[in-house]
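Colleague: Before I rely on the terms used for this protein, I should like to hear the reasoning behind each of them. May we go through them in turn?

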Amino acid sequence: MARAVHDIEPNAEVYVIGGVAEDRITVLSDIDILIVIKRKLSGKERKELSKKVLTRAMDFYDLPFDAPVELHIEDEENAKRFFSISKKVIKIT
């Protein structure tokens, strides 16, 4: 996922958050990925970026089409909320 993100948004930061980061994984868990963008995005831009990243990850990096991935795309200001409520955050480089 991080490679796909950086292919499209080279300056973005990518984090794993939620249950996977906190080691609370079950068979029903999804993988929450927080993508922090350096600029403000509209809802439409966020949706388009999500599609581009997922398509890139599937087409170039073999992400299975049914992978339980949930993308959270936020600008730096809105990402603070995720950092404040997350017990653990793993930065992916």
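Modeller: The discussion below takes up the sheet, the cores, the ring contacts and two loop residues. Please bear in mind throughout that this is a predicted model.

Colleague: What makes the sheet an open one with edges, and which strands stand there?

Modeller: The four strands of this open sheet follow the order 3-2-1-4, and their pairing is mixed. Strand 3 and strand 4 (90–92) each have a single partner strand, so one side of each lacks a neighbour in the sheet and both stand at the edges. Neighbouring strands are turned against each other by 30 degrees on average, with direction ignored.

Colleague: How do you know that the pairing is mixed?

Modeller: Strand 2 and strand 3 pair in the parallel sense, over seven bridges. Strand 1 and strand 2, by contrast, run antiparallel and are joined by five bridges. Two bridges are enough for strands to count as paired, so strand 2 and strand 3, with seven, qualify, and so do strand 1 and strand 2, with five.

Colleague: Which residues of strand 3 are the bridge partners of Ile31, Val36 and Ile37?

Modeller: Ile31 has Val69 as its partner in strand 3, Val36 has Glu74, and Ile37 has Asp75. On the antiparallel side, Tyr15 stands opposite Leu34 of strand 2.

Colleague: Which helices pack on this sheet?

Modeller: Helix 3 does, touching strand 2 and strand 3, and its direction makes about 135 degrees with that of strand 3. Helix 4 packs on the sheet as well; it touches strand 1, strand 2 and strand 3, at about 130 degrees to the direction of strand 3.

Colleague: Why is strand 2 called largely enclosed?

Modeller: Six of the seven residues of strand 2 are buried, so the rest of the structure largely encloses this strand. Strand 3 is mostly covered, with six of its seven residues buried.

Colleague: What makes up the largest nonpolar core, and which residues touch the most other members?

Modeller: This core has 18 residues, and Ile33, Ile35, Ile37 and Val53 touch the most other members. Helix 1 (2–8), strand 1 (13–17), strand 2 (31–37), helix 3 (43–61) and strand 3 (69–75) each supply at least two of its residues. A second core, separate from this one, has six residues, including Tyr15, Ile17, Val36 and Ala79.

Colleague: Which residues does Ile35 contact, leaving aside its neighbours within four places in sequence?

Modeller: Ile35 is in contact with Val5, Ala12, Glu13, Val53, Leu71, His72, Ile73 and Glu74.

Colleague: Why is the pair of Tyr15 and Phe83 called edge-to-face?

Modeller: The ring centres of Tyr15 and Phe83 are 5.0 Å apart and the planes stand at 80 degrees. Centres within 6.5 Å make a pair, and planes over 60 degrees apart make it edge-to-face; Tyr15 and Phe83 therefore meet both conditions. A search of the whole structure finds one aromatic pair. Tyr15 belongs to strand 1 and Phe83 to helix 4 (residues 76–85), so the pair ties together parts 68 residues apart in sequence.

Colleague: Are Tyr15 and Phe83 buried or exposed?

Modeller: Tyr15 has a relative accessible area of 10%; buried means under 20%, so Tyr15 is buried. Phe83 stands at 32%, which lies between the limits of 20% and 50%, so Phe83 is partly exposed.

Colleague: How do you know that a charge sits over the ring of Phe60 and over that of Phe82?

Modeller: The charged end of Arg56 is 3.8 Å from the centre of the Phe60 ring. For Arg81 and the ring of Phe82 the distance is 4.7 Å. The distance limit is 6 Å, so Arg56 satisfies it, as does Arg81.

Colleague: What makes Asp23 and Asp62 worth a remark as regards phi?

Modeller: Most residues other than glycine have a negative phi. Asp23, not a glycine, has a positive phi of about 65 degrees, and Asp62, likewise not a glycine, has one of about 60 degrees. Asp23 lies in the loop between helix 2 (18–21) and strand 2, and Asp62 in the loop between helix 3 and strand 3.

Colleague: Why are Asp23 and Asp62 called exposed?

Modeller: Exposed means over 50% relative accessible area. Asp23 has 67%, so it counts as exposed; Asp62 has 67% and therefore counts as exposed too.

Technical notes. Residues numbered from 1 in each chain as written. Predicted model: local features only at pLDDT ≥ 70, side-chain atom pairs only at ≥ 80, totals over all residues. Heavy atoms only, no water. Core = buried A, V, L, I, M, F, W, Y, C linked by side-chain atoms within 4.5 Å. Buried < 20%, exposed > 50% of the residue type's maximum accessible area, 1.4 Å probe, protein only. Contact = heavy atoms within 4.5 Å. Phe/Tyr/Trp six-rings, centres within 6.5 Å; stacked < 30°, edge-to-face > 60°. Lys NZ or Arg CZ within 6 Å of the ring centre and 35° of its normal. Axes fitted to C-alpha atoms, helices over the stretch in contact; angles between N-to-C directions.
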